Amino acid sequence: MMNVAVSDEARPKTGVRAPAPPALISMKQVCKGYGSGESRVEVLENINLNLRQGEFLAVVGFSGSGKSTLTKMLAGLETPDSGTLEMEGQPIIGPSQERGIVFQNYSLLPWLTVRGNISLSVDRVFQHWSKADRRAHVEKFIEMVGLTHAVHRRPHELSGGMRQRVSLARTLAMKPKVLLLDEPLSALDALTRSVLQEEILKIWEEERQTCLLITNDVDEAILLADRIVPLNAGPNASLGPAFAVQLDRPRNKTALNDSPQFKGLRNAVTNYLVAVRQKSRDEQQMASEQPPIQLPDLKPRSMRLPSKAILNAPI
Ligand SMILES: Nc1ncnc2c1ncn2[C@@H]1O[C@H](COP(=O)(O)OP(=O)(O)OP(=O)(O)O)[C@@H](O)[C@H]1O
């Protein structure tokens, strides 16, 4: 692996460093699987993760490694089988508006307009505000995601990228302490994805909200995050060492493409992921290999057809 900064608890501390901000969410020795008996799948094993106040953390991993399972636990939609999962020292035991989540498949209400979808959440969360304040708040987030021209449209009248913008605005408008982005751009075409990456970056740089992004795109993780944690291939996936993204902010995607630091980090994270997946495949192959079966050395008594054989008969 290249000489790239590996941060976090994985490394022994050398020299004097500024103390890391406190953990807003912490996971200790968390394990999670599904099913029972022979169909039981152990998805995540001994997950230790601190999501620090104000940081943008990206978890990258291959499809099926357990990324969504991890987010669902953080959101309080799934419970760990063992280990501890806390936010500000309190166990996470269910969903909360303090943890806003944006999924890959935007779940907008089809009968409501852009404004209606966002207002619904704002009106519920900020019931104690005046109607005018709530309205102004909704408009601010519609503008933030560039949908002012489409406020009256319903989801079926929007492109995939626009729908995901509504989804993002709706979650941001609830002012959660933590933003959980579960592959929010995976379903979009490359161009829209790229535009939205820049928008998320811009919004995050204004708000500096604690954010955890789940993605399978290493470039996206480097562009957005302060730290990248690889999720090793499953089953029994664990987290790898964190890679610090020491690229100046504000970041610019075009400029980053020429940055040797960007390219070095991309290689390091990609090589790490590929190596752990290969190791996991080798281990699975070895585990499934059976001792060779000895077949009896049989010879037919005769190669002649039986006398009553009917050749070329229709079947
Ligand atoms: N509710 C469930 N019941 C049973 N198995 C599940 C459940 N949810 C996920 N799994 C299994 O757990 C494993 C990890 O799934 P998960 O969705 O967390 O992975 P992922 O990394 O997010 O995948 P992808 O990138 O394809 O979305 C998969 O084998 C999946 O089939």
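Which residues are closest to the ligand? Select the ligand and find out. The closest are Tyr34, Ser63, Lys67, Ser68 and Thr69. They belong to a group of 13 residues that surround the ligand.

**Before going on**

You are looking at a predicted model. Colour the protein chain by pLDDT. The chain averages 86, and 89% of the residues score at least 70. Now select strand E4, residues 56-60. Confidence is highest there, at a mean of 95. Move to strand E1, residues 6-7. Here confidence is lowest, with a mean of 48. Widen the selection to residues 1-14, where the pLDDT is below 50. Beyond near neighbours in sequence, this stretch has 24 contacts in the model. Where pLDDT is low, the predicted coordinates should not be read in detail. For the complex, the predictor gives an ipTM of 0.96 and a pTM of 0.82.

**Stop 1: the shell around the ligand**

Go back to the ligand. Select helix H1, residues 67-75. H1 gives the largest share of the shell, three residues. Add strand E3 to the selection. E3 and H1 each supply at least two residues of the shell. Next, colour the shell by class. Nine of its residues are polar, three are nonpolar and one is charged.

**Stop 2: the open sheet**

Keep E3 selected and add E2, E5 and E6. These four strands form an open sheet in the order E3-E2-E5-E6. Their pairing is antiparallel. Which strands lie at the edges? They are E3 (41-52) and E6 (90-91), and each pairs on one side only. Zoom in on E5, residues 82-87. E5 and E6 pair in the antiparallel sense over two bridges. To see a bridge, select Glu86, whose partner in E6 is Pro91.

**Stop 3: helix H4**

Now select residues 160-173, which make up helix H4. Take the distance between the end C-alpha atoms. They are 20 Å apart. That agrees with the 20 Å expected for 14 residues at 1.5 Å a residue.

Is H4 largely enclosed or largely open? Eleven of its 14 residues are buried, so H4 is largely enclosed by the rest of the structure. Among the buried residues are Arg163, Val166, Leu168 and Leu172. Show what covers them. The cover includes strand E7 (99-102), helix H2 (114-125), H3, strand E8 (178-182) and helix H5 (190-207). Then step just past the end of H4 to Lys175. Its phi is positive, at about 50 degrees.

**Stop 4: helix H2**

Select H2, one of the elements covering H4. Its twelve residues should span 16 Å at 1.5 Å a residue. The end C-alpha atoms are 17 Å apart, which agrees. The buried residues of H2 are Val114, Arg115, Asn117, Ile118, Ser119 and Val122. What do they pack against? Their partners are H3 and H4.

**Stop 5: Arg134**

Finish in helix H3, residues 131-144, and select Arg134. Why does Arg134 count as partly exposed? It has 18 C-beta neighbours inside 10 Å, and a residue counts as buried only with 20 or more. Leave aside the neighbours within four places in sequence. Arg134 is then in contact with Val122, Asp123, Phe126 and Trp129. You have met Val122 already, as a buried residue of H2. Finally, draw a line from Arg134 to Ala169. The two are 35 residues apart along the chain. Their C-alpha atoms are separated by 14 Å. Ala169 takes you back to H4, where it is one of the buried residues.

Definitions and conventions: Residues are numbered from 1 along each chain as its sequence is written. This is a predicted model: local features need pLDDT of at least 70, side-chain atom pairs count only at pLDDT 80 or more; totals for chains, interfaces and linings use all residues. Two strands pair if DSSP finds at least two bridges between them. pLDDT is the predictor's confidence in each residue, from 0 to 100. Two residues are in contact if their C-beta atoms, placed from the backbone, lie within 7 Å. A residue is buried if 20 or more other C-beta atoms lie within 10 Å of its own, exposed if 12 or fewer, and partly exposed in between; C-beta atoms are placed from the backbone. A residue is near a molecule or strand if its C-beta atom, placed from the backbone, lies within 6 Å of it. Ala, Val, Leu, Ile, Met, Phe, Trp, Tyr, Cys and Pro count as nonpolar, Asp, Glu, Lys and Arg as charged, and the others, Gly among them, as polar. The expected span of a helix is 1.5 Å times one less than its number of residues.
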